[in-house]
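Thanks, everyone. I'll walk you through one structure today. Have a look at it first, and then we'll go through it piece by piece.

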Amino acid sequence: EGMDWTDQAVYEVLELCVQCKACQTECPSAVDMAKIKTEWLDHYWRTHPMPLRTRLFADMPRAIRLLSGPMAPIVNAIAASRPVRWLLDRGLGIHRERTLPRFARRPFTRNWSGSSGGGRRVVLFADTFHNHQETGPAFAAARFLTAAGYDVIPVGDVCCGRTYLSKGVLTQAQIQALRTVDRLFPLVEQGIPVVGLEPSCILTIADEFTSLLPGDPRTRHVAAAARTFEAFVAEEADAGHLDHLQWSPHDRPVFVHGHCHQKALDGLDPSIRCLSLPGGMDVTGIDSACCGMAGAFGYEKEHYAVSLAMANDRLIPAVRKAGADAVIVAAGTSCRAQIRDLSGRSPLHPAEVLAERLVGRTDR
């Protein structure tokens, strides 16, 4: 009673909300706490100073774009050094035990100008993380879609604004959303689907852009065209558009960890469906909740122990229990980072699995 709604005590409660969106589908009232937290933080920062670390994490995509490219090897070496990790731990509260993401020497869109498989056009939305850091999934998705017969149009010069939303910087999130709609709508207007690799990014376009830009009629068209790589492949397979593909033999078991936003908005079925296409593999969804990394959450010193506890509840034991020949799959960049850090395994994106298994196609 008498407490201001942007009181520090409310901030401390919301600190442990990782914005996984599970409540959006699991709560009987469909309460979207992720959206509520974003809105609340936006009001909170109007009367409270924003910490430097929060600003840096919110604006991270801009820094990532600047640090990738020719200078990446030097930046990676510096970032991995013990003195820098100690400074980040003591100065910014980024836990020293965390392996920092590496920057790509060859960003995806700077090294893939587009390709023609002779068929339907598809926009491959290369989010900042897969475009400028962990680029393997982007190149794999482009190779797979091209080999499957699609004309791939790479788009990686815009950002979904997810990091701004997670830190409650709504104005910047709206600016990014508008730039993305400006870039994508002319393509969507031609009936071209938008396929994304990072679930949190592509599902931000599908789920939150209409709220960020309620007065822009183009937004709902862009949102309707946006889908994850797994959902697109599953839809195309169900429609019989991938029946002409030839796959290499493979009998290794596959264990799939679903990204939180993916499980909340799409479910895990599209992932299971697309990874089952090659045949011969036993594909199992890992019964786990949030991996605990949740974007920047797991890197933050005060959340490190909670992050580990979340991962070690079910996810990491399941990964460790999987045989040495098992393929561990996770679409989320943060999910893969958490699995690598805590299990020593090297998880793959679904696009990497399919690209590796695809031999070619028969004439349609």
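Let's start with two helices, H6 and H7. They are roughly perpendicular to each other. Keep in mind that this is a predicted model. Two packed helices are described by the angle between their axes and the distance between the axes. Here the angle is about 65 degrees, and the axes are 5 Å apart. H6 covers residues 72-80, and H7 covers residues 82-92. Which residues of H6 and H7 meet? On the H6 side they are Ile78, Ala79 and Ala80. On the H7 side they are Arg82, Val84 and Arg85. Sorted by class, that contact has 4 nonpolar and 2 charged residues, and no polar ones.

Now the sheets. Strands of a sheet pair through backbone hydrogen bonds, either parallel or antiparallel.

Take the sheet of 4 strands. It is open, its order is E2-E1-E3-E4, and the pairing is parallel. Which strands stand at the edges? They are E2 and E4, where E4 is residues 226-228. Each has a single partner strand, so one side of each has no neighbour in the sheet. From one strand to the next, the twist averages 35 degrees.

Let's look at the pairs. E1, residues 121-125, runs parallel to E2 over 5 bridges. Within that pair, Val123 stands opposite Ile153 in E2. E3, residues 194-196, is joined to E4 by 3 bridges, again in parallel. There, Val195 faces Arg227 in E4.

Helices pack on this sheet too. H12 touches E1, E2 and E3, and its direction makes about 165 degrees with that of E2. H13, residues 199-207, lies across E1, E3 and E4. H13 runs at about 155 degrees to E4.

Is E2 enclosed or open to the outside? E2 spans residues 151-155, and 4 of its 5 residues are buried, so this strand is largely enclosed by the rest of the structure. H13 gets the matching verdict: 8 of its 9 residues are buried, so H13 is largely enclosed as well. Among the buried residues of H13 are Pro199, Cys201, Ile202, Leu203 and Asp207.

Next, the nonpolar cores. How many residues does the largest one have? It has 41. Phe125, Leu184, Val194, Ile205 and Leu212 have the most contacts inside that core. Helix H12, residues 170-188, gives the most to this core, with 8 residues. Apart from it lies another core of 39 residues, including Leu197, Val254, Met281 and Val283.

Val194 deserves a closer look. What does Val194 touch, leaving out residues up to four places away in sequence? The list includes Val123, Phe125, Leu184, Val188 and Ile202. Ala225, Ala226 and Arg227 are on it too.

Last stop, the sheet of 3 strands. This one is also open, with the order E7-E6-E8 and parallel pairing. E7 (283-285) and E8 (327-330) stand at the edges, each with a single partner strand, so one side of each is left without a neighbour in the sheet. The twist here averages 25 degrees from one strand to the next. E6, residues 254-257, is joined to E8 by 4 bridges, and the two run parallel. His257 has Ala330 as its bridge partner in E8.

That's the tour. Find Val194 on your screen, and trace its contacts out to Val123 and Arg227.

Notes. Residues numbered from 1 in each chain as written. Predicted model: local features only at pLDDT ≥ 70, side-chain atom pairs only at ≥ 80, totals over all residues. Heavy atoms only, no water. Axes fitted to C-alpha atoms, helices over the stretch in contact; angles between N-to-C directions. Parallel < 35°, antiparallel > 145°, perpendicular 65-115°, else oblique. Contact = heavy atoms within 4.5 Å. Nonpolar A, V, L, I, M, F, W, Y, C, P; charged D, E, K, R; others polar. Core = buried A, V, L, I, M, F, W, Y, C linked by side-chain atoms within 4.5 Å. Buried < 20%, exposed > 50% of the residue type's maximum accessible area, 1.4 Å probe, protein only. Pairing = 2+ DSSP bridges.
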